[in-house]
Structures are given as structure tokens and as C-alpha cells.
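Biologist: Could you take me closely through the small sheet in this model, strand by strand, and then set it against the rest of the assembly? I would like one connected account rather than a list.

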Amino acid sequence: MGNCCNSFWNTPKNTDIRISLPAVCFVWQIAMIILFGVFVRYDEESDAHWAEFKKEHNITSDIDNDFYFRYPSFQDVHVMIFVGFGFLMTFLKRYSFGGVGFNFLIASFGLQWALLMQGWFHALDPTDGKIKIGVESIINADFCVAGCLIAYGACLGKVSPVQLMVLTLFGITLFAVEEYIILKLLHVRDSGGSMVIHTFGGYYGLAISWVLYRPNLQQSKRLNGSVYHSDVFAMIGTLFLWMYWPSFNSAISDHGDGQHRAAINTYLALASCVLSTFAISSLSAKKGKLDMVHIQNATLAGGVAMGTAAEFMITPYGSLIVGFLCGIISTFGYLVLTPFLEKRLKLQDTCGIHNLHAMPGVLGGVVGAITAATATESVYSHEGLINTFDFTGKYANRSPQTQGGYQAAGLCVALAFGLVGGAIVGFILKLPLWGDPADDNCFDDEVYWELPEDEESIPPILEYNNHFARKQPDTCLHNTN
Amino acid sequence: MGNCCNSFWNTPKNTDIRISLPAVCFVWQIAMIILFGVFVRYDEESDAHWAEFKKEHNITSDIDNDFYFRYPSFQDVHVMIFVGFGFLMTFLKRYSFGGVGFNFLIASFGLQWALLMQGWFHALDPTDGKIKIGVESIINADFCVAGCLIAYGACLGKVSPVQLMVLTLFGITLFAVEEYIILKLLHVRDSGGSMVIHTFGGYYGLAISWVLYRPNLQQSKRLNGSVYHSDVFAMIGTLFLWMYWPSFNSAISDHGDGQHRAAINTYLALASCVLSTFAISSLSAKKGKLDMVHIQNATLAGGVAMGTAAEFMITPYGSLIVGFLCGIISTFGYLVLTPFLEKRLKLQDTCGIHNLHAMPGVLGGVVGAITAATATESVYSHEGLINTFDFTGKYANRSPQTQGGYQAAGLCVALAFGLVGGAIVGFILKLPLWGDPADDNCFDDEVYWELPEDEESIPPILEYNNHFARKQPDTCLHNTN
Amino acid sequence: MGNCCNSFWNTPKNTDIRISLPAVCFVWQIAMIILFGVFVRYDEESDAHWAEFKKEHNITSDIDNDFYFRYPSFQDVHVMIFVGFGFLMTFLKRYSFGGVGFNFLIASFGLQWALLMQGWFHALDPTDGKIKIGVESIINADFCVAGCLIAYGACLGKVSPVQLMVLTLFGITLFAVEEYIILKLLHVRDSGGSMVIHTFGGYYGLAISWVLYRPNLQQSKRLNGSVYHSDVFAMIGTLFLWMYWPSFNSAISDHGDGQHRAAINTYLALASCVLSTFAISSLSAKKGKLDMVHIQNATLAGGVAMGTAAEFMITPYGSLIVGFLCGIISTFGYLVLTPFLEKRLKLQDTCGIHNLHAMPGVLGGVVGAITAATATESVYSHEGLINTFDFTGKYANRSPQTQGGYQAAGLCVALAFGLVGGAIVGFILKLPLWGDPADDNCFDDEVYWELPEDEESIPPILEYNNHFARKQPDTCLHNTN
């Protein structure tokens, strides 16, 4: 709409993705098929040989198949990825299709690529060189995707779906490498991903958005906001993320007390986080009016910050403290830091992922390091300590204090990968190939979607009225701009 | 908006909550942290000592950790509390933020307070004076919160968030006491909470709303209704409540057949309830047109009424009968009783919780008492009877008939606590401290929320048109302010 | 509204369902209660005799109760039926109440009738002539209902709720018979129902819609489309179907590797399907703009097509291929086939179930037959082959090749039942008894629902403006019609 008018002073952007998007989807999907054909097989618990495997390993009941330990959590995580992240990004008044739709696209691609990348690093069977997948693999693939969806949050409304596919391809690749370094080489514990998912994903997205800075973004200001109903849609995303976060943080923890404790700790941190978010949101506004942006986002920071420590013996009140602080920090981030970053650092962060993922992720890494460093046998029991930190094999002699140091090192790795990787990928995305929208055309579904012809929500009777009313404003817009 | 005009004849209410809401949130959350620090620890199944516990108790597999029995049901219950109750209350055209948002706030506070209150009464470890929490505790905390959310339904749109926090503080406290009396002292079975949750919560909310009666509420009449999309949002709440109710009623039932049977019975009662609701709704209107209010609410009554008997051998057709009757009673409630209560008893019940929770809850208590009283060994088997009613320890000699009597007594306790407690809390909430909205300002998110500036759903082109149309009211606002 | 004007040349239809709908609901629900009373009892795992049963069968832990194997999947399936199908059908701008509401009604009736019908055919206990139900029964009842909800998709907006109840009554009956023939008599494997659910349901609905062809349906054209927000609502349905489809296809598979593998295969096929759908959708439009109809529907086709083969050793890349092809076929269906069918075959298919269920269902049947026919002991292991295809009892000597043939035969049975059954039921529904809407009144909630009085989403300030503006268009409409 407004596109034409601005084309006088803007070099018109070519947002036609009719060749590029199908090409990327087709070629990459076919590549996935070929690579899966070469590399991916079922693991022993999802293969029809399970009956034999059971006998060999004296497993008496099918219920001991890992499927029954993890599948309910997997489904919760799956909902977080597609409905949680997807609907959280529907809050813009005219970018709901893009928010939920592109989230759907890149997550679907990302999880396939993640199965391969993570498989090569973590699950390669040395006997036959194949990647063996089971329920834990698909949870990890969903986790890996989460990093890229976080990054999408910073770029929401300002990039094309082709750019998002590229962002995802590199994001997953970087993720798998940093995850390998952190979890395998450094032997760091991070079952809910404060570091590997949130810190990495957050700074990856922020670095990309920083490179893609648009000085004239205020030309799309009219669309960079919510309407009443779109805020309610976004609450669907918020709540499913919030409710299922205990599953997220416990999905790949140790069987038994590990999963049990991770769920409880996350549950508590999130509850506490809601209260401090409401408090700061109310305190910061005239008459104490609450801001939906805070409620939709900062309430989730407690879950992010428990991503590392949830499976540790952080104690219930420790979880409450972490959540409490996160709600405060995250809400202040939305109030103070986001405007500051945009003004001073030229960093446009549509969803405020710095406040929801990056900062709480770093905090979570620090909390995890401290909790690990202060772990004792009296609190964990001898066997409990070994199980929780996996002090076995060549790590049998590692002390909790040393572990704390490695945890902190892991955090630095995640940060470095996010910032450096994001900057590089940002420059790739800056190439004028990808069909991104013009500065006055951001946050607008019109660019990439066939929109319903009907004026939204206007009953037929009004349309007649609009028909005539519309003529004048169009000219008028030219004058007043 | 309309506020200004009415300020001539209304004492203006001060709805500024900038001090009170943050103060309540901060102080109470810090109190929670301190109390959790003093009292709350992990139980033996979520503690790192689990490995030792397993050995001591000859538990062979981690899958026997209670987590795997109850966590999927917990997550379903959790969704009911936050998305179910939250979205059910988005039906008002301009109170969706308050419906889903305040629900979020008070549930998050309530579950923490519930863990403490229920812990002191039910889960205090005599060896160290600590409350030990596990997955069953967090289900019970969510249950406890449900009672207060039901009460919120009666007050929806007419109270401030600070009042809701107070309502929740006292509600949880009362809940824990009545629950202790009913479940522990009277040894009553009520795993889905027809009595302890729905009867108590329903009458608690009704008593509060009765005390807070607003004779001039018709001044907000324009906002006390739905629009097309808000009704669809509310269906999200309805359906998640409806679908997950089998998990609600079976979440804390006995392992094995207890949970299995509770889920099936609830599933059947709910299905049956839908048909009788549609029938009465259609029968009561010109041309048989259905009313969304009935479909959103009365279809759930069958789940409420199965809260006590679901784990008993009520038989599949017994469940169908209960659901069938509940759909009829509840829909008639909306058609006849709600208007009657408002006119004659001065009782304003925004969501009609009398029809959805209070009456079906009482019915559920009665059904439970009858089903218990008529239980026999031939139906349950000797061991099954003992398991189902927990006729062990000092209750080893209680007969089903006696149990039926106690069940009825439990119902009376729930009723009494709801009515008396609600009346007292109502008077506390009437103090002019809490920032509640004026009579002409109810059901309006404007009072407590920063609303998106944009006119909702009006495409930009129309705004020009509005711009002029708005001028006159705008000036009017200036003058009358 | 427009109704009055058209009544000059249309025989006015009587859409009053005040007698018929309540009568159907009441009488059928009472019949259910009576039949359940005569026939339905708990099975040994949901009966209080479970404690005894455990001892007799040397079951050591309650966790071996089938409830814990299947309940999480059941809840996911349940969400698909009510929220998935329900919200997928809210995409029409003014039929969201009917979409989600009638789905709710007929599913609630259908699952009861399915428990009886499937019980008589599959679960009749020979010792006492009773149907014994457990968690697997209620999953199967939900599955059975899915067939009818698919059929509803073809008729959406064009039939009355009474017609839908009749459609469901016959649909469930036919389903139970075809399922008995396919699964029991032919011993075909179809755990996710590519054939018994999707092929049958798809062609059943298409045949009905073909018989009910409305030559003047373009009179309702103004309402046969979406608006912005209704498309976002529909995405709720899409995503819950998409995310939980792995549970759908694995819900009644074999314990252990069967369920595990079915979930993974479905997960992969669906991911792949998303990419090819986006590709074709973008390729087919000017400037590569995506169409929400494709994203909402064709992305699901991969799950449909894995309904038979998901539990087989189809391999991960095999699943990706199936999904990939399905996305292409289904999107082409929406682009080419639906308009063709409407023009040439006089087949009006509101939701495009031919593209989402019928074609992918057939494809899934074929894929299943091929995968079965090519199964070998080296891939499955000896015991694995027997378990997967249940080559026990009188089928102990059936070879995979023979099984492949039977699978193909099963597909034909499903097709035949759908087409013939649908045609017959279509003629029954054509009787002028059922209160269906006039041709110019389709896709309109006004016919069967009390709609909120307020103009939707128009803020009060605008209404003043509308009030006057409306006068002229009203007269104008009469003239221009």
C-alpha cells in the first residue's frame, strides 16, 4: 500500500520470493532426504530389534523403553516450539501470519538439519557410521531449533522467509558445534539450555539484528505494535511456553529424581517470576497500568534462568529467588534497555529477546555455575552427586568446584559463538539477494502473504462507507507524510 | 472514557494501583521466599538421595518414581489452570487482558501459598519439621488455586488485581483448612474436588460477590458482553478445560485402576453433558438458536460433578447419567437462576459460576456420597474396596455406608467454609483501599492495562475517517474532565 | 440480513431447529445411557479388581497398567479431535461458532456411539456379553469420531446441526463395520488410520457433499472466506493437529518400539511436508506470496499419509519422502483439483478434505502396502516381524508379501465404504426435514447461533458514526441485490 509512495525516495526492494523460497525449500529438503538416507537409522529402542535388545539386556517390561520416560515431555516441548514461540510472535497487528507461519517453516526445516548436525557430533554409531535416533534425539532437535526461533524474535517483521531459512541453516550448524564443545568437550551440564540455547540463541539473533540495522525503520512504525486481539493471541504463546517450561527443563534430565526435580524447580521459578514482573510493570506506569509486553515476555524469564540449575539441588527457595530476580531484570530490560540499545547501539530487537533470552540465559549460566561449584555430598548423597553431574569415566575425579569453573567456561563459549556467529551470518544476510522488505514495509504480512480480501472484522454494512471514505485519505497520506 | 461524564454523580473511585499492586506482589513474594527457605524441601522422589532410596526400598526401575505416574496429568491440570480458566474468562469484549492476565497473576501467587498451606497440613515431615514436595504436591497446589479462580469468575471485571490477590490469599488459606478437615479428619474421598474445590470455590466466590453487590452495575452494561472473536477465544478455554478434565479428576487418584477409571468416567460424563447442554440451549431460544454462554460453560458441568465419584465404580452408564443431568441443570441455571439471583438476591455472578461450579459441585458431592454408600465387595473385590476408599489404619473397619455419611458431612463442611469464609473476605474486600473500578467502569481493561493505541482491527485507511468522527467526543472529553 | 431480499425468488428454507435438535440430542443421549447400561463395563485394567488381576498375572508394578502406556497419547489425540479439528474449521469469517461448536457436539455424541459400535465388533467379552472398555477403547472412539469430523469438513457451513448428527450416527456405524472388515477379517495393520479413518472419512464426506450439491451456493460467496483473525484462529487448529499427530499415529501401536517408531516417523514426515507445502504455495502465486489455506491444511497431509506405515520400518528417510510428496500433492490439490471438482464434478468441498484427507489417505494406504510387502526378517528381526504385523494365531504363516496384498485390499474396502455409504447418507440428508440453511445463508452463524449484538470489534466511538452511515447502505443493498 504505502509502498508505492515511498518508492520515490527509496530504492525499491524486490520482495519477490517466487523463485528463491521454493528453490531453498526444495533443494534443502531433498538434501535432507539424501543425507537421512545415507546417515540416519532408528536406535535400539525404536527399532524392531527392540524385542531382542530387551532380552539381551534383561529388560522385563516395555515401559522401560525410553519412550515412556520422555515422550510426554517431548510433546510439551514440541508445543512450545510451534505454538509457544509461534503465537508469542503473533502480537504485531499485521504480522501474525508471518509470526506463526515462518516460525512453522523454519522450525520444520531446522529440526531435520538438527537431527543430522547433532547426530554427527553426538550420536554417531562407531560400528556402522550411522546416526541412531530415538525420542531423546527429537527432543534435542526441537531444542536446537529453539535457538534459531529466539534469533527470529529479534528480526521479526524485518526479514524475508528466505533469510530466515539461511539464519536457521547456519544457526543450527553453529548450535551443534558450540553444544558439542560445551556438553562434550567441557563436560558441562545444561539440560534446559540456559547457555547452549538461550544465551547462544539470544546473542546470535542480536548480532544478526545489529548487522541488519535499518536506520529508517520508523517508516514502518505504524505497524510495529499490537492491537487488542493480537495481544490476546500472543498470550496463547506465552501461556503454553510458561506452562510447559517445566517439561522443557526436565525433558532430557536424568531419569527419576533428575527429571522430577527439574520440573519442580522450574515450576517454582516461573511462578515467582510472574509476581515480580507484574510488580515492576505496574510500578513503572502512570496509575500502575500493566503493560502486555511485559506480561507476555518477562514472565517467562524465570524458566530461561533455570535452564542449567533446574536439575541441581538448588532448593525450592533458591528457585523462587532466581525467578524473582529474573522477573525484575527482564521487565527493566523492556523498560530501559531495549530503548537504550536501539538508540545507542543501533540494535533493533522486535520481540525484546535481549530481555527474555539473552540476559536471563547468562544469569542462568551463572546460577548454574555457582550451584554446581557449591554442591556437596551431604546434600546430594555420594551416588546422587555422581549421577547429577555425571562424574563418571574420565570425569570421575572432577570436583564440584572444578565443575563450576567449567560451567562458567561453557557460558563464555555460548556467548562467543552467538556474537561472532551472528555477526558473520548477519553480513551474509545483508547481501541483496534474499528479498527482504523495504524499510516502510516491515511488520506487514502483505509482503509475503495473500491476505484475505475482506477488510478485517468490518461487517459488510460498513464497507460501503469505507469505499468512499478511502478515496480521499489515500491522497491525503501523500501530503501529510 | 465514559468515566468523565459519570463523575458528576459518582464519587470518583481511585483506581491507581501503582503503589498497592507492586507492594503486594513484592512483599508477598519475598515472604514466600523466606517461608520456603525455612520450610520447603524436596521429597524422597525428587531429591538426589533417590538413588539410595531406590536401593533401600527395592525399587528396580526409575519408572516407578511417582513422577512418571503423575507428571502427564500434572501438565494437563496446569494447562487447565492457566489456559483453561484464563481463556474461559476472555469472553468479555473489553476484559480479555484482565481475564487471562489476572488469572495468571493470582494463580502464580496462589500455587506458592498453597504449597505452604497444604504442606503444613498434609506433608509436614515429623522428623525435621519440613514440608517435602514432589509432583503430587504441585498438582495439589494447582487444585487449590482452582478454587480461587472459580471465585474470580463471579467477580470478573468488578474487582481490582489487588483485591484478587487478597481474595487468593484468604481463599487458599480457607481451602487448606477445609481440605484438611474433609480429607484428613473426616477421611473423605474427593480426588477431583467436587466438594473441596468446586463447592467451596463456587460458594466462596458467590458470597464475596454478594457482599460486593453493585446496584449501579448497569452503568457498565455496554461492556458486559462478548463480541464475535472474544467468544471464539473463550472456546479455547472451554475446550482445554473439557478435554483435560479426565486428567484433573484422575491426577491424584490411586495408581493403576484408580487413575484409569477416573479418566474414563470423566470422559463419559463430559460427552454426555455436551448433548444435554446443546439440547436445552436450543430448546430455550427462538428458532432453536444456540447460545455461546451455555456452550462455553454448561458443557463443563459434567466434569465438575464427577469430581468425587470418578474414581469409584460408578459404572460407565452412571457417568453418562450424571453428565446428562448436569448439562440440563447447568444450562437451566444460566437461563433462569442467574437472572433470578441478580434480581432477587442481589448477586452478580459474571461468569455464572453458580451454574458451572457451585451447583454441579454439590451434585457431585451427593453423587459421591451415594456411590460410596452403595459400594460392595462384590463390585470392588475385597482388596479393591480397601484401596479405593483407603480403608486402612484406623479406618480399617469403616463400612461403605458410614463412608457415605462422612462424604455427605464433607460436603456440608465445604459449603460452610465457602459461604462463611466468602462473606468475611467480601467485607474485607469492601474496604475502600483496593483500587476497585467505578460502577460505570467495570469490565473495562482500560482501568488496569495500557491498551494498544490503535483502534482495534480498524485498517489504517479507516482511521482518517475516524479521526474526524472522533473530534467531537474528544472535545467533549476535555470539557467534562 | 440478506436473507429477506432473496426470499423473493428462493423458496424460504425453514431453519428452525428448536424441536429437531433438542429431540435428537435428548433421545439419542438417553439411548446411549440405556445401551451403556446394558452393555458397557470397565475392563480388567480400569476395574477395581485390578489388584487381584495384578496378582494373578504376576504384574509387579501399577506402571504396567495400559493407562501409563497410552494415556498421554490419548490426551494428545483428544486435543486433536476437539481443538485441532474444531479450530481448523474456524477459518471462515462468520462460521467460527459453527466450526468449533458443531464439531464439539458431534464429536461428543460420536465417541459414545463409537464405544458401543466398536465394542460390539471388537471388545465383546464372550463370558458375559459385555463390552469392556479401557484407555485403548477411548482412543479408538476418538479415532472413529475423526472420520466423521473429516466428513464435516466437506459440508462445513452448508448443513444444519441435525444433519451433522445424522451424518455422525451413520458415519460411526459404517466406520465400525469397515474397520471390522479391514482390521479383523483381512488382518490389515492401520494403526494411524490412513485407510480406516482418512480414506473412509474423506470419501464419505465427499460423497455426501456431492449429493447435497448446491448450484446457487455463490449466493453465499461473500461469507465463504476468511478474515485476518479467523485465519490466525485456524492456525491454532492446524498446529495442534500437526504437533500431536505423532501421538495420533502411535497411540494404539505396539508397546515399546512400535509406539516409539511410529512417533518418530510421523514427526519426520510432517516436518518434510511443511517445506514442500511452502514451496508449492509460493511457487504458484504472484510474487511468491504464500496462501494461508495451504499452510493451514497441506502441511498436515504428511501425517495422514503415515497413518499406516508409521509403525513399520519405513526408515527415517522413507518418512521424509512420503511427507515431501504429500505436501506437493496436497497443495496442488488446493490449487487445481478443488476448483476442478467444483466446476466439473459439482462437488463443493469447503475445507478441501479431498486434498488433506482423501488423497493422502489413499497414498498412505499404498505406502503401507508397499512397506509391508517388502518387509524382511533381516530388517525387522524374526520376533520384530511377528510383533509388527501380528503374525500370530491363524496368521502365523502369512508372508509379508501376502500382507501387502491384504493391505491393498483393505484400502479398497475403505474407499468403497466411504463412497457408497456417503452417497446413501447424502440422500437421507437431502430429505427436507433437517433445517439446513438456504443457498444465500450458508457459512453464516446467524442461522443457528445467537450472535453478540455488538458490531464486532468496532469501538464505541465509531458506532455513532456507523449509526448514520448505516442508514443509506441498507436501502442501497436492496436496490443493488
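Modeller: In this predicted model, strand β1 of chain B, residues 40-42, pairs with β3(B) in the parallel sense, and three bridges hold that pairing. Within it, B:V40 stands opposite B:I131 of β3(B). On β2(B), residues 124-125, the sense is reversed, for this strand and β3(B) pair antiparallel over two bridges, and B:L124 has B:I131 as its bridge partner in β3(B). B:I131 is thus a residue to keep in view, as it faces B:V40 and is also the partner of B:L124. Strands of a sheet pair through backbone hydrogen bonds, in either the parallel or the antiparallel sense.

The connection between β2(B) and β3(B) is a hairpin with four residues between the two strands, and in its turn B:G129 has a positive phi of about 70°. Along β3(B) itself, which covers residues 130-133, the side chains alternate: B:I131 and B:I133 point to one face and are buried, whereas B:K130 and B:K132 point to the other face and are not buried. In a regular strand the side chains alternate between the two faces of the sheet.

The other chains can be read in the same terms. In chain A an open sheet of three strands has the order β1-β3-β2, with mixed pairing. Its edge strands are β1 (40-42) and β2 (124-125) of chain A, each of which pairs on one side only. Between β2(A) and β3(A), residues 130-133, there are two bridges and the strands run antiparallel, with A:L124 standing opposite A:I131. In chain C the open sheet of three strands again has the order β1-β3-β2 and mixed pairing, and β1 (40-42) and β2 (124-125) of chain C are the edge strands, each pairing on one side only. There, β1(C) and β3(C), residues 130-133, pair in the parallel sense over three bridges, and C:R41 has C:K132 as its bridge partner in β3(C).

How are the chains placed relative to one another? Chain C can be laid on chain B by a turn of 120° and a shift of 0.0 Å along the axis, with an RMSD of 0.0 Å, which is the relation of a three-fold axis. The surfaces used by these two copies differ, since 16% of the contact residues of chain C recur in chain B. Chain A is likewise superposed on chain C by a rotation of 120° with 0.0 Å of shift along its axis, at an RMSD of 0.0 Å. Only 15% of the interface residues of chain A are also interface residues in chain C, so these copies meet through different surfaces.

Beyond the sheet, an unreviewed UniProt entry annotates residues 68-433 of chain A as "domain: Ammonium transporter AmtB-like". That span is 73% helix and 2% strand, and its end C-alpha atoms lie 46 Å apart. One of its helices can be checked by length: α13 of chain A has 29 residues (316-344), which at 1.5 Å a residue should span 42 Å, and its end C-alpha atoms are 39 Å apart, which agrees. The helix is nevertheless bent, by about 45° at A:G333, and it is followed by A:K346, whose phi is positive, near 55°.

Positive phi values also turn up in loops of chain A. Most residues other than glycine have a negative phi. A:N58, which is not a glycine, has a positive phi of about 55°; this residue lies in the loop between α3 (50-56) and α4 (66-88) of chain A, and because its relative accessibility is 68%, A:N58 counts as exposed. A:K287, also a residue other than glycine, has a positive phi near 60° and sits in the loop between α10 (257-283) and β4 (290-291) of chain A, where its relative accessibility of 39% makes A:K287 count as partly exposed.

Back in chain B, a last loop residue is B:N397, between α16 (382-389) and α17 (400-430). With a relative accessibility of 76%, B:N397 counts as exposed. From B:I139 it is 258 residues away in sequence and 30 Å away in space, C-alpha to C-alpha.

Key:
Residues numbered from 1 in each chain as written. Chains lettered and ligands numbered in written order. Predicted model: local features only at pLDDT ≥ 70, side-chain atom pairs only at ≥ 80, totals over all residues. Heavy atoms only, no water. UniProt positions renumbered as here; feature names shortened; annotations may be inferred. Expected span 1.5 Å × (residues − 1). Bend = angle between axes of the 7 residues up to and from the residue. Least-squares fit on C-alpha atoms with pLDDT ≥ 70 in both. Contact = heavy atoms within 4.5 Å. Buried < 20%, exposed > 50% of the residue type's maximum accessible area, 1.4 Å probe, protein only. Pairing = 2+ DSSP bridges.
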